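Okay, hi everyone, thanks for coming. Have the structure open on your screens, and I'll walk you through a few spots in it.

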Amino acid sequence: MIREKIAKIAAAVNDLTAKSQEEVEALRIQYLSKKGQISELFDDFRNVPKEDKREIGQLLNQLRDAAQNKLVELKAIIDTTQSTADKHDLTRSADTIALGTRHPLSLVKEEIIDIFSRIGFSVAEGPEIEDDWHVFGALNFPPEHPARDMQDTFFIEQNPDVVLRTHTSSVQTRIMTSQQPPIRVLCPGRVYRNEAISYRAHCFFHQIEGLYIDKNVSFADLKQALLYFAKEMFGEETEIRLRPSYFPFTEPSAEMDISCDLCGGKGCNFCKHTGWVEILGCGMVDPNVLKACGIDPDVYTGYAFGMGVERIANLKYRVKDLRMFSENDVRFLQQFQ
């Protein structure tokens, strides 16, 4: 009796077909699961006479192996068929579909973040629509201070206290007012200024600003961090120089230049024959800024720096027209694949 069942199931297994992986799974359950037909035969094996057990046991093992091999074969056929169908998708357009790429500003921003993350900086972000205090007041810009004229601001209509941020320093003020030192953050983001659009200026652009506040932070710490960044970003041979400057929120303040990598510092049209190219502003955080944000300037000191992402991208990729970064010209973007 059991021989007839084995022979019948073996014939059925040999003729099995399936059109999908779901059907293969259903066949596996039908024959090989704990309550499947082949498993039931193994349960009946205990009733086989002792003298027939060896023969019947071999037949059952052969049947189980045949079923397993058949299911593997069916699964492989379906995989191959689906793979071939995917290669010949008749619903696709006949035109070649060009692959996109990361935007050059995204590439540069992520590289800057990666460099500073190696020396302990984390990333912080904040709103692009800000109040006057976070953008100006907390950063040592009194209401009538002439330094406000350095940045042409977009004001939200009918509310002069709400503006489009002119720098990502507003994120720094939010960090300083919400947590105590040590603070070591990078603040990337888009900023807005009311400027005429040209090949060298735009009404919106991107900045990355850094802030480090702790006990005994010095200008030497700032210089070392910026030297490390310059060498990682532009090459080991890069040199830097710091020139005295003025920013309301830092004292002392400086602008940083790097040696021109086109002429090796000898002078060319790109560096205006000076051998140096300006890339960022920096300085020690003004004690008034610390005090306004609730940090004791007698205990803590800090440094800050800020750079334009477009500026770094120009130096890295030699893009002469700033407008190309926002025009979405595919021919331009394809160069960064």
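Let's jump straight to two strands: β3 and β4, with β4 covering residues 162-164, are joined by two bridges and run antiparallel. If you want a place to look, find Phe155, which stands opposite Val163 in β4. Oh, and before I go on, keep in mind that this is a predicted model.

Now zoom out a bit. Those strands belong to an open sheet of three, in the order β2-β4-β3, with antiparallel pairing. So which strands sit at the edges? That would be β2, at 129-131, and β3, at 154-155, and each of them pairs on one side only. If you're wondering what holds strands together in general, strands of a sheet pair through backbone hydrogen bonds, either parallel or antiparallel.

Okay, next stop, further along the chain. Strand β8 takes in residues 250-259, and eight bridges join β8 to β9, again antiparallel. One pair to click on is Ser259 with its bridge partner in β9, Trp276. β9 itself runs over residues 276-285 and is mostly covered, with eight of its 10 residues buried. On top of that, β9 has five bridges to β10, residues 301-308, and that pairing is antiparallel too. Look for Gly281 there, standing opposite Gly306 in β10.

Let me stay with β8 for a second, since I'd like you to meet Glu255, which is found in that strand. Is Glu255 buried or exposed? Its relative accessible area is 19%, and the cut-off for buried is under 20%, so Glu255 counts as buried. What does Glu255 touch, leaving out residues up to four places away in sequence? The list includes Arg241, Arg243, Phe247, Glu278 and Leu280. Gly281, the glycine we just saw across from Gly306, is one of the contacts as well. Ser245 is another, and here the side chains of Glu255 and Ser245 make a polar contact of 3.4 Å.

Last one, a helix this time. α2 spans residues 21-32, so 12 residues, and reaches 16 Å from its first C-alpha to its last, close to the 16 Å expected at 1.5 Å a residue. Its buried residues are Val24, Leu27 and Tyr31. Try looking straight down the axis of α2: the buried residues fall within an arc of 60°, so they line one face of the helix.

That's my tour, thanks for listening!

Methods. Residues are numbered from 1 along each chain as its sequence is written. This is a predicted model: local features need pLDDT of at least 70, side-chain atom pairs count only at pLDDT 80 or more; totals for chains, interfaces and linings use all residues. Side-chain values use heavy atoms; hydrogens and water are left out. Two strands pair if DSSP finds at least two bridges between them. Helices (H or I, at least four residues) and strands (E, at least two) are DSSP runs, numbered from the N terminus. Buried means under 20% relative accessible area, exposed over 50%, partly exposed in between (1.4 Å probe, protein chains only). A polar contact is a pair of N or O atoms within 3.5 Å; within protein, one must be able to donate a hydrogen and the other to accept it, and residues adjacent in sequence count only if both atoms are side-chain atoms. Contact means heavy atoms within 4.5 Å. The expected span of a helix is 1.5 Å times one less than its number of residues. The arc is that of the directions from the helix axis to the C-beta atoms.
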